[in-house]
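Please open the model in your viewer and keep the sequence panel beside it, since the tour below moves from one selection to the next.

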Amino acid sequence: MKIGKKFFDLDSDRSLIMGILNVTPDSFSDGGKYLDVDSALFQTEKMIRDGADIIDVGGESTRPGYTKISCWDEIARINPVIKAIKERFDVPVSVDTYKWEVAEAVIESGADMINDIWGLDYYEDTEHRMAQVVAAAEIPVCIMHNKADRIISMDRFSFEREIIEDMEKRIKIATDNGIYDWNIILDPGVGFAKNFEENMWCISLISQLKKLGYPVLLGISNKSLMGNITGLEVDQRKEGTIALNVLGREFGGKIFRVHDVLANKRALAVADSICG
């Protein structure tokens with residue numbers, strides 16, 4: 001897969017690390033830390049030095065109970081950061097957004113990939129403009145599972161069947177609108193429209209998603225799943241994140257979206273050696 005100027009061999013044993021850069025005041029783990037361009041660049045440089053393969057920039061918090069902002073406010077937050085990163089570093093930049101207007105603007109500013117928490121099927125985007133924007137740019141997109149009207153499953157079999165069917169629908173939206181198969185990444189959506197048990201099931205579900213023929217991204221860094229298991233606060237969930245990412249690697253995960261790049265990079269390098 002080509003992301004920006006870099007090619008990644010998705011058939012190799014090496015896991016890819018996506019470093020999280022939230023330029024938001026209210027993200028659950030790092031909100032308020034990287035609001036200005038200088039601090040964002042400093043963190044980007046650190047993540048690259050620690051081994052990040054991709055930097056994922058977010059301009060709107062999507063934690064439970066988040067406050068939605070306008071696409072114009074989101075663009076104003078992230079565009080200067082994207083331009084600065086592209087000017088200074090040779091690293092692929094992904095943008096975490098579900099709004100096609102934002103995607104269009106950030107692609108023009110140099111974004112190399114879109115990471116869509118609504119998987120090209122946001123309920124307000126009835127014409128699937130996000131899919132059209134990504135297709136026109138011929139860039140990769142991460143299709144995450146999410147759903148506004150989910151009915152919580154009663155059993156694991158029903159849950160897995162629902163997720164696979166939903167993802168097949170989203171893949172069809174992508175391909176019907178011109179997105180190439182080789183530009184599609186899947187994400188089971190831990191922490192989105194799922195209860196505690198379902199979030200745990202998502203880890204092993206990676207092996208089923210992988211059978212659809214696309215690389216799988218796992219984004220569980222510091223999320224409430226670890227808090228529910230351990231009772232620990234957000235700033236104490238590094239070890240839990242590493243453990244779940246290593247399990248995710250064993251089930252076939254390829255890309256791991258994390259706050260702490262270095263620790264996860266080291267742990268996954270060991271897992272890569274064993275699993276490979």
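What follows is a walk through a predicted model, with a selection to make at each stop.

**Stop 1: helix α1**

Begin by selecting residues 37-50, which form helix α1, a run of 14 residues that reaches 20 Å from its first C-alpha to its last, close to the 20 Å expected at 1.5 Å a residue. Just at its start, show the side chain of Asp36, one oxygen of which comes to within 3.2 Å of the backbone nitrogen of Asp38. Within the helix, colour Ser39, Ala40, Leu41, Gln43, Thr44, Met47 and Asp50, which are buried. If you then display β3 (16-22), β4 (54-58), α2 (71-88) and α9 (261-275), you will see the elements against which the buried residues of α1 pack. Step just past the end of α1 to Gly51, where the backbone takes a positive phi of about 115°.

**Stop 2: Asp53 and its partners**

Now select Asp53 together with Arg14, whose side chains meet in a salt bridge at 3.1 Å, N to O. This pair links distant parts of the chain, with Asp53 in the loop between α1 and β4 and Arg14 in the loop between β2 (6-7) and β3, 39 residues apart. Asp53 is buried, at a relative accessible area of 10%, whereas Arg14 counts as partly exposed at 36% relative accessibility. Add Lys265 to the selection, and you have the three residues linked in a network of salt bridges, namely Arg14, Asp53 and Lys265.

**Stop 3: Asp96 in strand β5**

Move next to residues 93-96, which make up strand β5, and pick out Asp96 there. Is this residue, Asp96, buried or exposed? Asp96 counts as buried because its relative accessible area is 10%, below the 20% cut-off for that class. Its side chain makes a polar contact with the side chain of Arg257, at 3.3 Å. Leaving aside neighbours within four places in sequence, the residues in contact with Asp96 also include Asp56, Val57, Gly58, Gly59, Glu74, Asn115 and Ile117.

**Stop 4: two positive phi angles outside glycine**

Select Leu120, in the loop between β6 (113-116) and α4 (129-137). Leu120 has a positive phi of about 70° although it is not a glycine, and it is buried, with a relative accessible area of 1%. Then go to Ala193, in the loop between β8 (184-187) and α6 (196-210). Ala193, likewise not a glycine, has a positive phi of about 55°, but at 26% relative accessibility it counts as partly exposed.

**Stop 5: further salt bridges**

The structure holds 16 salt bridges, and two further pairs are worth displaying. Side chains of opposite charge can pair when their charged atoms come close. For one pair, select Lys147 and Asp166, whose side chains meet at 3.3 Å, N to O, in a salt bridge. Lys147 lies in the loop between β7 (141-144) and α5 (156-176) and Asp166 in helix α5, so the pair ties together parts that are 19 residues apart in sequence. Lys147 is partly exposed, at 27% relative accessibility, while Asp166 is buried, with a relative accessible area of 8%.

For the other, select Asp272 and Arg249, where the salt bridge between the side chains is 2.6 Å, N to O. This pair also links distant parts of the chain, since Asp272 belongs to helix α9 and Arg249 to helix α8 (residues 238-250), 23 residues apart. Both Asp272 and Arg249 are buried.

Definitions and conventions: Residues are numbered from 1 along each chain as its sequence is written. This is a predicted model: local features need pLDDT of at least 70, side-chain atom pairs count only at pLDDT 80 or more; totals for chains, interfaces and linings use all residues. Side-chain values use heavy atoms; hydrogens and water are left out. Helices (H or I, at least four residues) and strands (E, at least two) are DSSP runs, numbered from the N terminus. The expected span of a helix is 1.5 Å times one less than its number of residues. Buried means under 20% relative accessible area, exposed over 50%, partly exposed in between (1.4 Å probe, protein chains only). Contact means heavy atoms within 4.5 Å. A polar contact is a pair of N or O atoms within 3.5 Å; within protein, one must be able to donate a hydrogen and the other to accept it, and residues adjacent in sequence count only if both atoms are side-chain atoms. A salt bridge is a side-chain nitrogen of Lys or Arg within 4 Å of a carboxyl oxygen of Asp or Glu.
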